[in-house]
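Visitor: I am new to this protein and should like to learn how to read its features. Would you kindly guide me through them?

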Amino acid sequence: MKKLTILSAAAVLTLTAPVAAQWNASRADSHAPIGVMGDHLHEAGEVMLSYRYMTMTMEGSRIGSDPVADADIVSPSGEGFMITPTRMPMTMQMFGAMFAPSDRITFMAMLPLVSSSMDHVTRHGGAFTTESSGMGDIRVGAMVGLADWANQSLHLNAMVGLPTGSIEQMDVLPISEGREVQLPYPMQTGSGTFDLHPGLTWLGQAGDWSWGAQGNATIRTGRNSRDWALGNRVQGSAWWSRLLSRNLSAGLRLVATRTGDIDGMDAAPSVNPAMVPTARTDLRGGTLVEGGFSVNLYIPQARAFRIAGELLLPIAQNLDGPQLETDLTFVLGLQIVPIQH
Ligand SMILES: [Cu+2]
């Protein structure tokens, strides 16, 4: 018992070791790399507005962790599909607002606008591109402080995804005789389901360094009106940042994301699982591990203005494929606090 008391006293001392280190919210690195959502709480009465611009490029396919040539996917002696996607660039703009009624709770809302295009080749050497754009799924919810030590904190992320995005995006296919028809799952801008986004976030600062970790999940509740649901998702992320000067920090991040396959299926004839891998509900899942490089710039004099960028590169991916691999993701973000504490 005595031993335990000494041990826990030692643990408390270790956790609070840099005695002078009080959590400082006015540092460039007091916000996580910009690709992390829901990383920080605000002080009572504060309002923050944010804008993010994200681009993601996917090119070439994999089965498991092995690359597979487009020619093999459409070859009768290979994977046997008639069509395969070769490349998919995607951009997302995200508008966010945060409001803290107390030091403990920060409410948050995020509105995404999504735009995608997908290039394809066919078995007979044809090529075509489909496009879609529109509103994605709005997220609303709160972050709730659970604990804080001198230089560390833990909070709960409790967000809900609303089915505001479209699951009826259409475009012309070579086989559709000029008519617009239902596009496969990855070209839809929404999930069509109410989704739960629970998470836990841990933050710490010591000297010129800071760190954080976040675990989060996306849980679909039931199927959408077209009788399918995107796969559930779990994600773990950890980051380390260093202050380079008073208002500038640079960081590294490691992110692992596991996505499940689709439940149910779209009954539209154009979403034909024998034609193209993107119409196969069992070829949407996989695991992606990415490394991130980030920079945060903070200008406290200009209404706590922040500008930040993060570049994410894949380290490993294991996909239920053939499925397009992720090549590069870039996030640029602006944040401003018009109503300060
Ligand atoms: Cu904020």
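Guide: The following conversation proceeds from the overall picture to single residues. Please keep in mind that this is a predicted model.

Visitor: How confident is the prediction, in terms of mean pLDDT?

Guide: Confidence is best read first as a mean and then stretch by stretch. The mean pLDDT of this protein is 94, and 94% of its residues reach 70 or more. Over residues 16-20, however, the pLDDT is below 50, and this stretch has 5 contacts in the model beyond near neighbours in sequence.

Visitor: How many helices and strands does the protein have?

Guide: The secondary structure consists of 2 helices and 17 strands. The radius of gyration is 22 Å, close to the 20 Å that the globule rule gives for 341 residues, so the protein is as compact as a globular protein of that length. The C-alpha trace spans about 70 × 45 × 40 Å along its principal axes.

Visitor: What percentage of the residues is buried?

Guide: Of the 341 residues, 37% are buried. As for contacts with a separation of 6 or more, 68% are between residues 24 or more positions apart.

Visitor: How should I read the pairing of strands, and which strands does β10 pair with?

Guide: One asks for the partner, the sense and the number of bridges. Strand β10 pairs with strand β7 (residues 152-161) in the antiparallel sense over 10 bridges, and His155 stands opposite Thr201 in β10. Strand β10 is also joined by 11 bridges to strand β11 (residues 209-221), again in an antiparallel arrangement. In that pairing, Phe194 stands opposite Thr221 in β11.

Visitor: Which residues of β10 point to the buried face?

Guide: To read a strand in this way, one follows the side chains residue by residue. Along β10 (residues 194-206) the side chains alternate. Asp195, His197, Gly199, Thr201, Leu203 and Gln205 point to one face and are buried. Phe194, Leu196, Pro198, Leu200, Trp202, Gly204 and Ala206 point to the other face and are not buried.

Visitor: How many residues lie between the strands in the hairpin of β10 and β11?

Guide: There are 2 residues between these strands, and Gly207 takes a positive phi near 60° in this hairpin. Another hairpin is formed by β6 and β7, with 3 residues between them. Strands β6 and β7 run antiparallel and are joined by 9 bridges, with Ala142 opposite Ala158 in β7. On the subject of β6 (residues 139-148), 6 bridges also join this strand to β4 (residues 105-122), and the two run antiparallel. There, Ala109 stands opposite Val140 in β6.

Visitor: Let us turn to the loops. Is Gly222 buried or exposed, and why?

Guide: One counts the neighbouring C-beta atoms; 12 or fewer within 10 Å make a residue exposed. Gly222 is exposed because 10 other C-beta atoms lie within 10 Å. Gly222 is placed in the loop between β11 and β12 (228-229). Leaving aside residues up to four places away in sequence, Gly222 touches Thr193 and Ala229. Gly222 and Ser191 are 31 residues apart in sequence, and their C-alpha atoms are 11 Å apart in space.

Visitor: What does Asn224 touch?

Guide: Asn224 is found in the loop between β11 and β12. Not counting residues up to four places away in sequence, Asn224 touches Pro163, Ile167, Ser191, Gly192, Thr193 and Ala229. Asn224 is partly exposed, since 19 other C-beta atoms lie within 10 Å. The C-alpha atoms of Asn224 and Leu297 are separated by 41 Å, with their positions 73 residues apart along the chain counted as their distance apart.Visitor: Which residues other than glycine have a positive phi in the loop between β16 and β17?

Guide: Backbone angles are read one residue at a time. Arg303 is not a glycine, yet has a positive phi of about 50°; Arg303 is placed in the loop between β16 (286-299) and β17. Ala304 lies in the loop between β16 and β17, and its phi is near 55°, also a positive value. Arg303 counts as partly exposed because it has 14 C-beta neighbours inside 10 Å. Ala304 counts as partly exposed, with 18 such neighbours inside 10 Å.

Visitor: Where is there a cis peptide bond?

Guide: A cis peptide bond joins Gly321 and Pro322, with omega about 15°. Pro322 lies in strand β17 (residues 305-339).

Note on methods. Residues are numbered from 1 along each chain as its sequence is written. This is a predicted model: local features need pLDDT of at least 70, side-chain atom pairs count only at pLDDT 80 or more; totals for chains, interfaces and linings use all residues. A residue is buried if 20 or more other C-beta atoms lie within 10 Å of its own, exposed if 12 or fewer, and partly exposed in between; C-beta atoms are placed from the backbone. Helices (H or I, at least four residues) and strands (E, at least two) are DSSP runs, numbered from the N terminus. Two strands pair if DSSP finds at least two bridges between them. Two residues are in contact if their C-beta atoms, placed from the backbone, lie within 7 Å. The radius of gyration is taken over C-alpha atoms; the globule rule is 2.2 Å times the number of residues to the power 0.38. pLDDT is the predictor's confidence in each residue, from 0 to 100.
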